[in-house]
Amino acid sequence: MTFTRYAIYYTPPKGSIWGQRASHWLGWDMEQGTHIPHPTISNLDISDVTQTPRKYGLHATLKPPFRLADGMNLTELTEACETLANGLPPVTLNGLELARLGRFLALRTIGDETALAEFAATCVTTLDAFRASASDTEIAKRRAGGLTAAQDAHLLRWGYPYVLDQFKFHITLTGKRPKAELSEIETALRHHLVPYLPAPFEINEIALVGEAEDGQFHMIHRYPLGG
């Protein structure tokens with residue numbers, strides 16, 4: 001399979017119940033590379049609610065999607081990911097909770113995020129030699145959404161505004177929705193997913209994923225942490 005972009009994700013452990021239920025909520029299984037049925041919830045069009053995040057799969061971004069720099073190849077990237085994972089210690093937090101982030105819903109961590117922020121920053125910086133510089137079009141698109149000075153500096157240096165001190169770990173579950181809809185969607189998620197969320201929440205591996213030509217993200221390889 002040919003990929004146009006790559007990213008480093010946190011993804012739920014293979015076979016975890018909460019990961020399976022959340023993947024069905026989104027309707028895309030990155031591991032199998034296939035669409036899967038949404039749960040049936042009366043009066044709620046989950047396909048519409050999850051249309052925007054579906055292509056990315058169930059994940060939290062550690063290193064945002066990037067095109068390979070000239071002279072770099074996938075074999076070298078996979079080797080670098082393995083080296084990175086071997087040197088990273090696992091991260092443990094108290095758990096996950098459902099949260100509103102503006103007008104979309106996501107899972108956020110409970111507990112001290114200091115180690116998690118350092119973990120994500122290491123993924124961003126260590127693998128940055130593999131990233132092609134953001135194009136003028138990409139920079140203009142990001143700036144159109146409104147950025148702080150710090151976010152704009154990160155965009156120019158790292159190709160994405162919400163990294164390092166601007167990073168917030170989150171697992172996106174919906175696209176932007178009208179505020180009037182959020183309560184109904186929250187209720188559905190509190191029944192379908194929240195009772196199955198892990199406590200504690202542990203990160204024991206990272207995942208290299210790729211965006212195929214159809215825009216869907218696929219699992220390439222999981223790397224257990226060895227630090």
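Two strands count as paired if DSSP finds at least two bridges between them. Helices (H or I, at least four residues) and strands (E, at least two) are DSSP runs, numbered from the N terminus. This is a predicted model, where local features need pLDDT of at least 70 and side-chain atom pairs count only at pLDDT 80 or more, while totals for chains, interfaces and linings use all residues. Residues are numbered from 1 along each chain as its sequence is written, and side-chain values use heavy atoms, leaving out hydrogens and water.

**Strand 10 and its neighbours**
- I8 sits opposite L208 in strand 10; six bridges join strand 1 (residues 3-10) to strand 10, and the two run antiparallel.
- On to strand 11 (residues 217-224): seven bridges tie it to strand 10, again antiparallel, and A207 has R222 as its bridge partner there.
- The hairpin of strands 10 and 11 has four residues between the strands, and G215 takes a positive phi near 90°.
- Eight of the eight residues of strand 10 (residues 205-212) are buried (under 20% relative accessible area, 1.4 Å probe, protein chains only), so the strand is largely enclosed by the rest of the structure.

**The 6-7-8 sheet**
- Here three strands make an open sheet in the order 6-7-8, with antiparallel pairing.
- Its edge strands, 6 (95-101) and 8 (171-172), each pair on one side only.
- Seven bridges link strand 6 to strand 7 (residues 104-110), and A99 stands opposite A106 in strand 7.

**Helix 5**
- Among the buried residues of helix 5 (residues 114-126) are L116, F119 and C123.

Methods
The expected span of a helix is 1.5 Å times one less than its number of residues. Buried means under 20% relative accessible area, exposed over 50%, partly exposed in between (1.4 Å probe, protein chains only).
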